[in-house]
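Q: Please take a close look at the charged side chains in this structure. I would like one connected account of how they pair and where they gather.

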Amino acid sequence: MTINCQNHDIASHNITTNQNTWCVRAVHGDLSRQANITAFVNVVETCKMQKVKRKSNDSLDVSPKKKKINEKGKPSSNDKPGPKDGGIKNKFNKDLKKDGFKGNKDFKKDGFKGNKDFKKDGFKGPNKFGKPGMGKGKPNFKKDDAQSEKPKWSEMKKEKKQLRVTRRKAKATAEVFEISHKAKTLAAQIQRKVITEDVRKKACKELHKLLKGHYKSIALTHDLSRVIQVLLKHSAEDIRNEIGEELLDIMVQMMQSKYAQHAVKRIMKHGTDFIRHEILKKFYGHVVSLATHSISAPVLDYAYGEFATKKEKCHMQQEFYGEIYKNSKDDKVKTLTDTYKDSPEMRTAMLQSCKANIQKILDKNLHDGELFHSILYDYIRECSPEDRAELISTLSPLIVPLSNSLPGVNAASICVWQGTNKDKKTMLKVVKEHAVSLSKHKTGYRLLIAIFDSVDDTVLVKKAIVSTIASNLKDIAKDHWGNMTLHWLVKPKDSSAFHPSFIKFLEEGASSGTSKKDPELRVSELREAILPALKQDMQSDPESWLSSKSNMLLAVAVLSIESTKEILEAFAKVICKPDWRITSADGKELSAVEDAGIHMCLKKLAILDKDKDSDTLGEAVAEYLENETCQVWLPTNRGCFFLLKLMESNKDNVANALKKKIKPHVNILKQQSSEGAKLLLQFVQKK
């Protein structure tokens, strides 16, 4: 009797441990033949008993996962092995199908279709984050569902528009809401460039008539405040005055509004002087709060710097000195010292109040304003040395924006003079990045001059500032203020280029500062860094250095320190050109020798020849002077004076060489009645 135990899927049914062991031993031949038959018969009978029991319980739900052993430890099925899947397992699946369980294929039709089919119903499966519905791509809806649920965008836009209109009606009054659309339409028409001026004026009148009486209610809004700006720019003066008068009461609120502050600037710019000063009066009592507000501070500084009179500036500054000046002004108080001049016991209180207001502005990072600079300059001169040292350490990184105004650069100069070495290094580090722009600024150049005049560490100054200026020499020399910066490096305190009051201010500041180095040594060390670059540029491009009075003054300063034959010859070639002409300030073109400023500089250059034995400008001019140039110069008074000055300043040999050039044209001198021609003729004819 041959028994094929491998055809029975005994392991798929949960048989007891002993029976399973017997079957395994039977397969591997561990037991005798009789023992194998006995063990197999017991297993088959147990499976039949479980089959009968399962058929009697047809109403029970059977899950494919619940293949458990019964309470007695016997298998739950007694089916015989089938031809396809091992008998017991095949029989078990057939019985389950009869009871309603259709297996994996039919179960998908009842709703659960697996990962692939289930995605068609909108479920995307788990993504890389482990969350359902977050997979790549859009949900794969069915066509019928997509068509039935597709939104109608036109209806949605209409609903949003109606909702927006409803909200606006709730915020604004009904009357203002009705006129807003028409006002914006008229404003758009006014701004068009293609309409005529008559149409624009007519539209401005219509718009003003529409908004008159409502300006206060619309001035703080986003859209209609823009309409007011358009009206202020394009309307007539009477309309601007009416708008300004209506808005005077809310001017402080407008200053602090993100949108209305632009309308205030328009009123100040296009309004009359009366309206401007009325607006400034409305600021009284609120100057400190406006100066410490991020939106209103620039507008306040614009009004202070552009339109306020000297008296109004003093009144605005007084509010920083103490609360007593908030509601009442004193015309006698012009600086901080005037507040306690008659009452010295008030000095501490005034200084503390001013310090607190300055600190508020610094905390808000609103330090770039002329009003603040004026207050700072007043305070830093009068405060105690301890407070000054603390303030200088705070202002050191802000030294560049302080230089945007005259009082600000004066305060910055005090920081340079009285700061510690650490403070000065911080300032130089900040100034290094802005050296070129500061040198060309109308007040910023004064900061650089204060640094040149007081910082002892000339090595650091040359590395941070002078080297940058030397590398941008051409650009800086063309600018008037840049030319002044270069002039101070070459020849400090030159009265021909700098005002005496400025020189006195620098001398007093440097004497009260912390500088200990010899001034002459400092000047010579800085000059060494800039002079070679200047000389090289003069030799390579003499025309630019002889094109204006300021450039020629700098050239005179350089040649008074150190000159070369090459530079003088290059200058003489340009000077002796018969077509050397310039354009004057009034737009007229004339011979350069006839210009007053250039004529003065030419005489200064000629005077430099007095103490020289050779390599003079007179020698170079005598070499390159041509007959055509003489015919241009001799008929002019200033041309004659220049030639006379050259002959007087040089040795006899140079003077005689010039006489030989002039004698063939004596008839031209005799025909002139100018003083220069008469004196030159006498000098030429003198033996």
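A: **Charged side chains**

K216, D249 and K282 are linked in a network of salt bridges. The model is a predicted one, and 23 salt bridges are found in the structure. Side chains of opposite charge can pair when their charged atoms come close.

Two of the pairs share K355. One is with D387, where the side chains meet in a salt bridge at 3.4 Å, N to O. Because D387 lies in helix α21 (residues 385-395) and K355 in helix α19 (residues 347-363), this pair ties together parts that are 32 residues apart in sequence. The other is with E390, whose closest N and O atoms to K355 are 3.9 Å apart, again forming a salt bridge. Here too distant parts of the chain are linked, E390 being in helix α21 and K355 in helix α19, 35 residues apart.

As for exposure, K355 has a relative accessible area of 30%, so this lysine is partly exposed. D387 is also partly exposed because its relative accessibility is 25%. E390 has a relative accessible area of 45% and is therefore partly exposed. The class runs from 20% to 50%, with buried residues under 20% and exposed residues over 50%.

A further salt bridge joins R581 and E589, with their side chains meeting at 3.3 Å, N to O. R581 is partly exposed because its relative accessible area is 41%. E589, at 54% relative accessibility, counts as exposed; the cut-off for that class is over 50%.

Charges of one sign also gather on the surface. K193, R226, K233, K265 and K269 form a patch of positive charge there. Residues enter such a patch when they have over 30% relative accessible area and no salt bridge. Two helices, α11 (222-234) and α14 (261-270), each supply at least two residues of the positive patch. K233 is one of the patch residues and lies in helix α11. Its relative accessibility is 42%, so K233 counts as partly exposed.

To bring the parts together: K355 in helix α19 pairs with D387 and with E390, both from helix α21. R581 and E589 make a salt bridge with each other, and K216, D249 and K282 belong to a network of such bridges. The patch that includes K233 is a gathering of positive charge on the surface, with α11 and α14 each supplying at least two of its residues.

Definitions and conventions: Residues numbered from 1 in each chain as written. Predicted model: local features only at pLDDT ≥ 70, side-chain atom pairs only at ≥ 80, totals over all residues. Heavy atoms only, no water. Patch = residues over 30% accessible without salt bridge, like charges linked within 9 Å, V, L, I, M, F, W, Y side chains within 5 Å. Areas by Shrake-Rupley, 256 points an atom, 1.4 Å probe, with all protein chains shown as cover. Salt bridge = Lys/Arg side-chain N within 4 Å of Asp/Glu carboxyl O. Lys, Arg positive; Asp, Glu negative; His and termini not counted. Charge placed at Lys NZ, Arg CZ, Asp CG, Glu CD. Helix = DSSP H or I, 4+ residues; strand = E, 2+ residues; numbered from the N terminus. Buried < 20%, exposed > 50% of the residue type's maximum accessible area, 1.4 Å probe, protein only.
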